[in-house]
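This report walks through one protein model. Please keep the sequence and the 3D view open while reading.

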Amino acid sequence: MSEVTYSGNEIQLVVFKLGREEYGISILQVQEIKRMTEITRVPHSPDYIKGVMNLRGSVLPVIDLKKRLNLPPQEYNDDTRIIIIKVEDITVGMIVDAVSEVTTIDKNNIEPPQAVVGGIAADYLSGVGKTENRLLILLNADAIIGIGQEVKAG
C-alpha cells in the first residue's frame, strides 16, 4: 500500500500543477521527470491511457492525469511534463501541466482526504498537505494506476 511515505516527521513531495491546483506525490515513488515526448496510442485502452512511450528500451503506459481525475483538458505546452512513477512493480508515466518543485512537509500538516476535493474522488487522494501559504492535494498513486481495483469495462 503506498499511502504517503514518511521519513521521521517529514515527507518529501514532488509538486506539480494540474490546471490552477497544486498536487504532490511522494518523491520515493518518482523515478524521473521528462519533457513531453512522442506517445503511441493504444487501441481499446481506457480513455485516460494516452498511450505508451519508449523509455530507454522499456515501453511504459502513459496516463493523462487530468482525464484520470476527471479534470478539464488543457493543451500541452512547453511546461507539460511526464512524471515517471513506480508503484510496486508497475512503472507508468503521468502527464501533468507543470512540475514546480520538490518540497518537504511535516506529516502533522497532512489532513485525511475529504469525500471529494475539487471534484476528485477521495479514492485518488492520500491527503491534503498544508504549508504556510498553500494547500497541496496529495495523490494516492496506487489508486491512480489501478492497483487493487477491478478493471471496469466501459
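The sections below cover the two sheets, the salt bridges and one pocket of this predicted model.

## The five-stranded sheet

Strands of a sheet pair through backbone hydrogen bonds, and the pairing can be parallel or antiparallel. One open sheet in this model has 5 strands in the order β3-β6-β7-β5-β4, and its pairing is mixed. The edge positions are taken by β3 and β4, each with a single partner strand, so one side of each has no neighbour in the sheet. On average, neighbouring strands of this sheet are turned by 30° against each other, with direction ignored.

At one end of the order, β4 and β5 pair in the antiparallel sense over 6 bridges. One residue pair can be picked out here: the bridge partner of M53 is L60 in β5.

## The six-stranded sheet

Another open sheet has 6 strands, in the order β8-β1-β2-β13-β12-β9, again with mixed pairing. Which strands stand at its edges? They are β8 and β9 (residues 110-111), and each has a single partner strand, so one side of each is left without a neighbour in the sheet.

The pairing of β9 with β12 is antiparallel and runs over 2 bridges. Within this part of the sheet, I110 stands opposite G129 in β12.

## A salt-bridge network around R134

Side chains of opposite charge can pair when their charged atoms come close. The model has 5 salt bridges. Among them is the one between R134 and E22, whose closest N and O atoms are 2.9 Å apart. This pair links distant parts of the chain: R134 lies in the loop between β12 (125-130) and β13 (135-139), while E22 lies in strand β2 (residues 21-26), 112 residues apart. E22 is buried, with a relative accessible area of 15%, and R134 is partly exposed, at 22%.

R134 also forms a salt bridge with E101, where the closest N and O atoms are 2.4 Å apart. Here too the pair links distant parts of the chain, since E101 is in strand β8 (residues 98-106) and the two residues are 33 residues apart. E101 counts as partly exposed, with a relative accessibility of 29%. Which residues are joined into one network by salt bridges that share partners? They are E22, E101 and R134.

## The salt bridge between E32 and R56

E32 forms a salt bridge with R56, and their closest N and O atoms are 2.4 Å apart. E32 belongs to strand β3 (residues 30-35), whereas R56 is in the loop between β4 (49-55) and β5 (58-64); this pair links distant parts of the chain, 24 residues apart. Is R56 buried or exposed? R56 is exposed, with a relative accessible area of 66%.

## The second largest pocket

The second largest pocket has a volume of about 220 Å³. Its lining is made of 16 residues, and those nearest its centre are K50, D64, K67, P73 and Y76.

Which elements each supply at least two residues of this lining? They are β4, α1 (65-68) and β7 (90-96). Two of these, β4 and β7, also appear in the order of the five-stranded sheet. By class, the lining has 7 nonpolar, 2 polar and 7 charged residues.

Conventions:
Residues are numbered from 1 along each chain as its sequence is written. This is a predicted model: local features need pLDDT of at least 70, side-chain atom pairs count only at pLDDT 80 or more; totals for chains, interfaces and linings use all residues. Side-chain values use heavy atoms; hydrogens and water are left out. A salt bridge is a side-chain nitrogen of Lys or Arg within 4 Å of a carboxyl oxygen of Asp or Glu. Helices (H or I, at least four residues) and strands (E, at least two) are DSSP runs, numbered from the N terminus. Buried means under 20% relative accessible area, exposed over 50%, partly exposed in between (1.4 Å probe, protein chains only). On a 1 Å grid over the protein atoms alone, a cavity is a set of points where a 1.4 Å probe fits but cannot get out, and a pocket is an open set with protein on both sides within 12 Å along at least five of seven lines; lining residues have an atom within 4 Å of a point. Grid points are joined across faces, edges and corners, and a volume is the space filled by probe spheres set on the points. Ala, Val, Leu, Ile, Met, Phe, Trp, Tyr, Cys and Pro count as nonpolar, Asp, Glu, Lys and Arg as charged, and the others, Gly among them, as polar. Two strands pair if DSSP finds at least two bridges between them. Axes are lines fitted to C-alpha atoms, for helices over the stretch in contact, and angles run from 0 to 180 degrees between N-to-C directions.
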